[in-house]
Amino acid sequence: MSVDLVGFLGVVLLAYVVPGPDFLVVLRSATEHPTKGRAAALGAQSGLCVHMLAAAVGLSVVAARSPVIYDAIRLGGAGYLVYLGVRAVLAARRTARPRGAQRQAIAPVVTGGSGESGSRWRSGFRQGLLTNVLNPKAALFFLSVLPQFVHGGGSPARQIFLLGILDVLIGVAYWFGLVAVAARLRALLGRPAIRHRWELTTGWLFIAVGVGVAVAA
């Protein structure tokens, strides 16, 4: 395989460092619980695998060339981000309850059982997966960006597939690092006033990003 690995790694790392919908989902999930953060990270990378396979069979080309399909995916993703934002804003309202009620609401997050752990995992994975799958820019990455790093002398499809796998693995490492850092904020976010501001901030960020995606050309 002959590819421009140095250039590819630079573009991929830049794409992960610049905050986007995946970043918000993983970060917010990690501050709720590390398990949910890791699940959201794996969900987002599973979404990349969906885009990669779609590109391999030509579905992404159809979506990219059809304004109706592209807009449907874009608006679906925007709507989902707004939905997550509204949920966060409503959660912020719940944290504005009297101090005793707040302590009762926060306690299960710290001492949940195996059933709650499974619920966190499913919720985080679902949010990460849907956020990424409904992001048409992720599909366009495999169609327009990846091919620029493929050289002659081999199967282009095979090279794109291997670069996609490398992208996914880099993302897993990056997201897990972010989860480890964000999880340290949980003690700080245990304070009701700070939790309230955090929920409001992330909620409105989700809504702003969703609206931005919806109105983007």
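In the predicted model, helix α2 passes α3 in a right-handed crossing. On the α2 side, this contact is formed by D22, V25, V26, S29, A30 and E32, and on the α3 side by P34, K36, G37, A40, A41 and A44. Classified by side chain, the contact of α2 with α3 comprises seven nonpolar, two polar and three charged residues. The two helices pack at an angle of about 160°, and their axes lie 5 Å apart. Because angles over 145 degrees count as roughly antiparallel, α2 and α3 are assigned to that class.

A second packing partner of α2 is α11. Here the angle is again about 160°, with the axes of α2 and α11 separated by 11 Å. This angle makes α2 roughly antiparallel to α11. In contrast to the right-handed passage of α2 over α3, α2 passes α11 in a left-handed crossing. The residues of α2 that take part are P21, L24, V25, L27, R28 and T31, and they meet R195, W198, E199, T202, L205, F206 and V209 of α11. The contact of α2 with α11 divides into eight nonpolar, two polar and three charged residues. V25 of α2 appears in the contact with α3 and also in the contact with α11.

These pairs belong to a protein with 11 helices and zero strands. Of its 217 residues, 39% are buried. Among contacts between residues at least 6 apart in sequence, 84% join residues at least 24 apart.

In soluble globular proteins, nonpolar side chains tend to be buried together. In the present model, the largest nonpolar core contains 34 residues, of which V26, F142 and W175 touch the most other members. Two or more residues of this core are supplied by each of α1 (5–17), α2 (21–32), α3 (34–57), α5 (67–94), α8 (136–145), α9 (156–183) and α11 (192–215). The greatest contribution comes from α9, with seven residues. V26 is thus notable on two counts, since this residue is among the core members with the most contacts to other members and also takes part in the contact between α2 and α3. For F142, when residues up to four places away in sequence are not counted, the residues touched are L48, H51, M52, A55, P147, I160, G164 and D167.

Two positions in α11 were examined individually. G210, located in helix α11, has 0% relative accessibility and therefore counts as buried. Leaving aside neighbours within four places in sequence, G210 is in contact with A78, L81 and V82. The C-alpha atoms of G210 and V82 are separated by 5.2 Å, although the two residues are 128 residues apart along the chain. W204 also lies in helix α11, but has 52% relative accessibility and so counts as exposed. W204 and V86 are 118 residues apart in sequence, with a C-alpha to C-alpha separation of 7.8 Å. Helix α11 therefore includes both a buried residue, G210, and an exposed residue, W204.

Key:
Residues are numbered from 1 along each chain as its sequence is written. This is a predicted model: local features need pLDDT of at least 70, side-chain atom pairs count only at pLDDT 80 or more; totals for chains, interfaces and linings use all residues. Side-chain values use heavy atoms; hydrogens and water are left out. A nonpolar core is a set of buried Ala, Val, Leu, Ile, Met, Phe, Trp, Tyr and Cys residues joined through side-chain atoms within 4.5 Å. Buried means under 20% relative accessible area, exposed over 50%, partly exposed in between (1.4 Å probe, protein chains only). Helices (H or I, at least four residues) and strands (E, at least two) are DSSP runs, numbered from the N terminus. Contact means heavy atoms within 4.5 Å. Axes are lines fitted to C-alpha atoms, for helices over the stretch in contact, and angles run from 0 to 180 degrees between N-to-C directions. Angles under 35 degrees count as roughly parallel, over 145 as roughly antiparallel, 65 to 115 as roughly perpendicular and the rest as oblique. A crossing is left-handed if the near helix is turned anticlockwise from the far one by less than a right angle, and right-handed if clockwise. Ala, Val, Leu, Ile, Met, Phe, Trp, Tyr, Cys and Pro count as nonpolar, Asp, Glu, Lys and Arg as charged, and the others, Gly among them, as polar.
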